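The following report walks through one molecular structure for a reader who has not met it before. Please keep the sequence and the 3D view at hand while reading.

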Amino acid sequence: MKAAAQIGIDAKHVRLPTSATQDEVLRNIMSINEDESVHGLIVQLPLDSVHQIDSECITNTVSPDKDVDGGCLELIRQTGVSLAGKHAVVIGRSKIVGAPMHDLLLWHHATVTTCHSKTQDLPEQVSRADILVVGAGKAEMVRGEWLKDGAVVIDCGINHIPDKTMASGKRVVGDVHYASAYQKAGFITPVPGGVGPMTVAMLMQNTVHSAQRFLMKNHQSR
């Protein structure tokens, strides 16, 4: 919100109660999808509700025209590692992280393998990855010993786990076990403080671009 205000974007935080059901969340997203005054939408994960909510279903409902999330590809670019010819593994297949990252990596000439909850040989698949992007929504599921030495690891996961040392009784971790992965990775994003800040920057940029496309489309249709 602060970043948006600083560059003149009118941002609104739609905060739903923890009692919100999946249908209520979906109705809110569909309402925003149909609102022509809104040019960008991001769903903040994890979804904190007393009800069971399918995060993949929720994120997949976001209109592609208003999906302004991003940052993973830019983080990979910043490492200086060329994607061409590299073997990339994406864990997760949501339309917000997994599916678009698969396509983006492929477009940049990487050989891409997508893994998911039904993948049986996940450690073996991960061990072949020059570039690993994880957005599975499972706390610290990827272990450091699975990694190829020097791999680029982009952790998109945001999970809460119990921690009695914290005032809240919990702490935020990613989908990758950072302490063990740090020992083998060439580059790795921490959680928090990795994909999140870059996502904010790309969110601002992509929202501006989305608004520009909307205005251009409306101008041409007149």
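## Cysteines

In this predicted model, Cys 115 counts as buried, with a relative accessibility of 1%. The cysteine sulfur closest to that of Cys 115 belongs to Cys 156 and is 14 Å away, which is too far for a bond. Cys 156 likewise counts as buried, at 18% relative accessibility, because the cut-off for a buried residue is under 20%.

How far is the sulfur of Cys 156 from the closest cysteine sulfur? The distance is 3.1 Å, to the sulfur of Cys 72, and this too is too far for a bond, because a disulfide requires two cysteine sulfur atoms within 2.5 Å. A search of the whole structure accordingly finds zero disulfides.

## The sheet and its edges

Five strands form an open sheet with parallel pairing, and their order across the sheet is E2-E1-E3-E4-E7. Strand E2, residues 111-115, and strand E7, residues 187-188, stand at the edges, where each has a single partner strand, so one side of each is left without a neighbour in the sheet.

Following the order from E2, one comes to strand E1, residues 87-91, which runs parallel to E2 and is joined to it by five bridges; within this pair, Val 90 stands opposite Thr 114 of E2. E1 also pairs with E3 in the parallel sense, over four bridges, and here Ile 91 has Val 134 of E3 as its bridge partner.

## The strands E3 and E4

Which residues cover the two faces of E3? Ile 131 and Val 133 lie on one side, Leu 132 and Val 134 lie on the other, and all of them are buried, so that both faces of the strand are covered. A similar description can be given for E4, where Val 152 and Ile 154 point one way while Val 153 and Asp 155 point the other way, and all are buried.

E3 and E4 are paired in the parallel sense over four bridges. Leu 132 has Val 153 of E4 as its bridge partner, and Val 134 is matched in E4 by Asp 155. On to the edge strand, E4 pairs with E7 in the parallel sense over two bridges, and Val 153 stands opposite Ile 188 of E7.

## Helices on the sheet

Helix H4, residues 72-79, lies across strand E3 (131-134), strand E4 (152-155) and E7, and its direction runs at about 155° to that of E4. Helix H5, residues 98-107, also packs on the sheet, where it touches E1, E2 and E3, and its direction makes about 170° with that of E1.

The buried residues of H5 are Gly 98, Met 101 and Leu 105. Around the helix axis they cover an arc of only 65°, which puts them on the same side of H5. An α-helix has 3.6 residues a turn, so residues three or four places apart point the same way. The partners against which the buried residues of H5 pack are H4, E1, E2 and E3. After H5 comes His 109, which has a positive phi, near 70°.

## Helix H2

Helix H2 consists of 13 residues, 22-34, and reaches 19 Å from its first C-alpha to its last, close to the 18 Å expected at 1.5 Å a residue. Its buried residues are Val 25, Leu 26, Ile 29, Ile 32 and Asn 33. When H2 is seen down its axis, these buried residues fall within an arc of 125°, so they line one face of the helix.

What do the buried residues of H2 pack against? Their partner is helix H3, residues 55-60. On the other side of H2, by contrast, Arg 27 and Glu 34 are exposed.

## Ala 179 in helix H7

Ala 179 is found in helix H7, which spans residues 178-181. Is this residue buried or exposed? With a relative accessibility of 52%, Ala 179 counts as exposed, because the cut-off for that class is over 50%. Along the chain, Ala 179 and Glu 140 are 39 residues apart, whereas in space their C-alpha atoms are separated by 9.9 Å.

Definitions and conventions
Residues numbered from 1 in each chain as written. Predicted model: local features only at pLDDT ≥ 70, side-chain atom pairs only at ≥ 80, totals over all residues. Heavy atoms only, no water. Expected span 1.5 Å × (residues − 1). Buried < 20%, exposed > 50% of the residue type's maximum accessible area, 1.4 Å probe, protein only. Arc of directions from axis to C-beta. Contact = heavy atoms within 4.5 Å. Pairing = 2+ DSSP bridges. Axes fitted to C-alpha atoms, helices over the stretch in contact; angles between N-to-C directions.
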